[in-house]
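Thank you all for coming. I would like to walk you through a structure that may be new to you, so please take a moment to look at it before I begin.

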Amino acid sequence: LEKILEIHTKKIKVSAEVDLNTVAKGTPGFSGADLGNLVNEAALQAARRNAESVELEDFEEARDKVRFGRERKGPMMDEKEKLATAYHEAGHAIVMQELEHAEPVHKVTIIPRGNALGLTMQLPEKDHYTYGRKKLEAMIVSFMGGRAAEELAMDDIGTGASNDIERATGLARASGFALDVPRTSLAPILLPSSFVNRRWAGAAA
């Protein structure tokens, strides 16, 4: 990804302070076209600031826009919703920070983008082509950190965790980890009861 970014940035002036390797780490899953859009958006962002060169903050704003959508400027959340969102994202960040096999936390925000009310972003230390069980467990538990924080801090659970649960469930199923999920306390959250009962019965047999 860094090499592709080097090609796309040849036509713009990039600050000497920008490390394209750092930018690349924040763009896992981006196609060549996505990276081209990121560079173009970063250049536009710098132009809006009347800056002489493109800074890291421009690349980060562009990355968030390409990946998650534009910053929402519509009706604002009320204070209770903001607080719930802040606890939710803080929950993700704290869990990620404490888990040995989770990727480092890079950015936490409660600025709404696309369908998301807030975001907690990690910055992988290296490219991964396969994942071991410990890494997968850390990813799934990290997804659930926001829900846990809302329940602890607000004594309530909002709809903000729905996407987290969907992603955690998808990851568990896709990786085959779902075969063991029924043996854990996450089973009622991650998997439908019919799936849990069926898998548990099969395992017990």
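Read along the sequence, the chain follows the pattern α-α-α-α-α-β-β-α-α-α-α, which comes to 9 helices and 2 strands, where helices (H or I, at least four residues) and strands (E, at least two) are DSSP runs numbered from the N terminus. What you see is a predicted model, in which local features need pLDDT of at least 70 and side-chain atom pairs count only at pLDDT 80 or more, while totals for chains, interfaces and linings use all residues. Residues are numbered from 1 along each chain as its sequence is written, and side-chain values use heavy atoms, with hydrogens and water left out.

Of the 205 residues in the chain, 36% are buried, and here buried means under 20% relative accessible area, exposed over 50%, and partly exposed in between, with a 1.4 Å probe and protein chains only.

Let me turn to how some helices pack. The axes of α5 and α6 come within 7 Å and cross at roughly 135°, where axes are lines fitted to C-alpha atoms, for helices over the stretch in contact, and angles run from 0 to 180 degrees between N-to-C directions. That makes α5 oblique to α6, given that angles under 35 degrees count as roughly parallel, over 145 as roughly antiparallel, 65 to 115 as roughly perpendicular and the rest as oblique. The axes of α6 and α7, for their part, come within 9 Å and cross at roughly 165°, and these two helices are therefore roughly antiparallel to each other.

Helix α7 also holds Glu166, a residue that is exposed, with a relative accessible area of 58%. Glu166 and Phe143 are 23 residues apart in sequence, and 9.4 Å apart in space from C-alpha to C-alpha.

Phe143 brings me to the largest pocket, which holds about 1,500 Å³ of space. Of the 50 residues that line this pocket, the closest to its centre are Leu119, Thr120, Phe143, Asp164 and Arg167. A pocket here is an open set of points on a 1 Å grid over the protein atoms alone, where a 1.4 Å probe fits, with protein on both sides within 12 Å along at least five of seven lines, and lining residues have an atom within 4 Å of a point; grid points are joined across faces, edges and corners, and the volume is the space filled by probe spheres set on the points.

Which helix gives the most to this lining? It is α5, with 8 residues.
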